[in-house]
Amino acid sequence: SSSRLLLFDSIVQRFLSALLEAGSYQRFVQCYQRFYKFQPEMTQNIYDQFVTHLQTSIKDEIEDIKQEGNLEKLFDSLDKLEEEARERTGPAWRPSGVPEEDLRSTLLPYYLQQKEFLQKRLQERETKNARLAQVVLTGREKIAAMQQEIKERREAWQALSKAQMELVRSVVE
Amino acid sequence: SVDPMMYEAQFFGFTPQTCILRIYLACQDYLCEVMLVVEKVMMKKLESFPNCDISPFQIRESTEKCLLFLKERFNVLFCKMEQMLLKLVLSVPQNVLLPKDKVHEQYPCTKEEFEFLQKETEQLQQRCKAEAYAREALLAELEEQKQVQAELEKILQWFDGLDNVFREHGNSSLKESFAFMVQNARKLQDVKNEIELKSK
Amino acid sequence: LDEVIVDTATKREHFPRKILGEVVKAMKIERE
């Protein structure tokens with residue numbers, strides 16, 4: 001349960017310790033038998049420096065790699081994600097390997113939004129158009145009424161002019 | 001079969017194996033480097049003892065022997081470290097979902113559902129467009145109605161004007177004045193006929 | 001293999017957002 005960073009450091013440390021345990025002074029002396037017989041103190045000194053140098057170099061390198069890979073921050077956030085996911089027992093979603101399949105969920109919320117927007121917009125439009133259509137119908141009725149009135153008045157005039165014609169004819173006769 | 005650890009690569013931005021390899025190569029390089037330094041120091045030391053019976057070749061032999069042994073141990077130990085790092089540190093646990101993938105949990109959807117939604121959206125778009133066109137048509141007709149009504153209004157005013165002409169001359173309406181005229185005409189006819197009769 | 005893995009992972013990281021940007025842009029234009 002300890003943090004990844006701690007784990008990472010302790011695993012590397014254990015590796016180093018085990019490596020130096022394997023490369024013990026006995027082993028070192030065993031390899032440099034002649035030199036050891038010739039210069040035992042020197043050999044101890046060289047070995048100590050060997051150990052120090054190796055440890056320091058590897059530790060520095062590990063620090064560089066941590067910096068380079070931004071590992072500290074990444075480990076922290078992965079710890080947090082793991083903490084958040086504690087309740088979830090089953091395996092979480094993973095990319096299916098089919099891009100368009102995985103893309104669907106990314107796009108879905110926006111399609112839902114678009115659908116909602118369009119539904120709202122359509123409803124507004126339909127309501128407005130219904131009102132407008134009503135105005136148009138009223139206008140049509142009004143025009144029909146005006147046309148009807150014009151027709152009646154025109155017919156009245158025509159009737160009169162017809163009667164007038166007859167009158168004139170009868171007077172002339 | 002290599003586990004590509006894709007999800008980890010998505011999280012870290014590099015594959016865990018790369019990270020491990022980076023550590024491996026660095027550690028290995030340092031091991032070799034330090035061994036060479038040890039050898040160099042010993043060689044240098046021996047130079048100040050010319051009559052020493054240890055040859056550089058023997059030192060080199062010892063170095064190789066030591067390095068060989070350390071490398072073997074190094075590889076065994078590094079293998080263990082690699083497994084632990086890959087398992088405990090550099091892996092995204094199965095039940096963990098990366099933040100940007102949360103959308104996959106919130107909006108799981110099958111191909112059919114997605115296509116259905118796309119079709120619905122498409123249809124809604126068409127209907128919106130249809131309503132927009134209808135609106136244009138209605139507005140155009142309203143415009144047209146305005147003009148037609150204006151024309152009809154003019155005609156009616158014209159008729160009103162005619163009626164007013166009669167009203168101005170004391171007649172209530174054209175019809176009446178016409179009937180009155182017809183009456184007068186008839187009277188004239190009767191008078192004329194009477195006159196003719198008497199004159200005969 | 002490593003490059004392919006990183007390349008694929010990078011695409012998985014960036015392309016959905018990129019495509020989403022285009023889709024949202026298209027939707028906005030549709031709305032207009």
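At 32% relative accessibility, B:D160 counts as partly exposed, and this residue is a useful place to enter the predicted model. The side chain of B:D160 meets that of A:R153 in a salt bridge, with 2.6 Å from N to O. Because A:R153 belongs to helix α6 of chain A while B:D160 belongs to helix α5 (residues 111-168) of chain B, the pair joins two chains. A:R153, for its part, has a relative accessible area of 16% and is buried, the cut-off for that word being under 20%. Side chains of opposite charge can pair when their charged atoms come close.

From this pair the view can widen to the contact between chain A and chain B, to which chain A gives 89 residues and chain B gives 96 residues. The size of an interface is often given as the accessible area lost when the parts come together. For chain A and chain B that area is about 9,000 Å², and 75% of it lies on carbon and sulfur atoms. The interface of these two chains holds eight salt bridges, and one that links them joins B:R127 to A:E126, whose closest N and O atoms are 3.0 Å apart. Polar contacts between chain A and chain B come to 24 residue pairs, counted where both residues have pLDDT 80 or more. On the side of chain A that touches chain B, at least two residues are supplied by each of α1 (4-22), α2 (25-31), α3 (33-38), α4, α5 and α6 (99-172) of chain A. Of these contributions, that of α6(A) has the largest share, 40 residues. Sorted by class, this side of chain A consists of 49 nonpolar, 18 polar and 22 charged residues.

Chain C brings another partner into the picture, and its secondary structure amounts to one helix and zero strands. Its C-alpha atoms fill a box of roughly 45 × 10 × 5 Å along the principal axes. Of the 32 residues in chain C, 22% are buried, and the accessible surface of the chain is about 2,400 Å², with 61% of that surface belonging to carbon and sulfur atoms.

Where chain A meets chain C, 11 residues of chain A are in contact with nine residues of chain C. Together these two chains bury about 960 Å², of which 74% is on carbon and sulfur atoms. Within chain A, the residues that lose the most area to chain C are A:L103, A:Y110 and A:Q114, which together account for 46% of what that side buries. Between chain A and chain C there are zero salt bridges, and one residue pair is in polar contact, both residues being at pLDDT 80 or more. The side of chain A that touches chain C divides into six nonpolar residues, four polar residues and one charged residue.

Over all chains, a search of the whole structure finds 27 salt bridges, and some of these lie inside a single helix. In helix α6 of chain A, A:K162 and A:E166 are four residues apart, about one turn of the helix, and their closest N and O atoms are 3.9 Å apart in a salt bridge. A:K162 is exposed, with a relative accessible area of 55%, whereas A:E166, at 41%, is partly exposed. In chain C, a salt bridge links C:K11 to C:D7, with 3.3 Å between the closest N and O atoms. Because C:K11 and C:D7 are four residues apart in helix α1 (residues 2-31) of chain C, about one helical turn separates them. C:K11 counts as partly exposed at 39% relative accessibility, and C:D7 counts as partly exposed at 38%. Elsewhere, salt bridges that share partners join A:E149, A:R153, B:D160 and B:D163 into one network, which leads back to the pair of A:R153 and B:D160 described at the start.

Two points of the backbone remain to be seen. Most residues other than glycine have a negative phi. A:N70, however, has a phi near 55 degrees, a positive value in a residue other than glycine. This residue sits in the loop between α4 (40-69) and α5 (71-84) of chain A, and A:N70 is partly exposed, with a relative accessible area of 38%. In chain B, B:M5 also is not a glycine, yet has a positive phi of about 50 degrees. B:M5 lies in the segment before α1 (6-12) of chain B, and at 7% relative accessibility B:M5 counts as buried.

Terms used. Residues numbered from 1 in each chain as written. Chains lettered and ligands numbered in written order. Predicted model: local features only at pLDDT ≥ 70, side-chain atom pairs only at ≥ 80, totals over all residues. Heavy atoms only, no water. Buried < 20%, exposed > 50% of the residue type's maximum accessible area, 1.4 Å probe, protein only. Contact = heavy atoms within 4.5 Å. Buried area = accessible area lost by both parts, 1.4 Å probe. Salt bridge = Lys/Arg side-chain N within 4 Å of Asp/Glu carboxyl O. Polar contact = N/O pair within 3.5 Å; in protein donor to acceptor, adjacent residues only side chain to side chain. Nonpolar A, V, L, I, M, F, W, Y, C, P; charged D, E, K, R; others polar. Areas by Shrake-Rupley, 256 points an atom, 1.4 Å probe, with all protein chains shown as cover.
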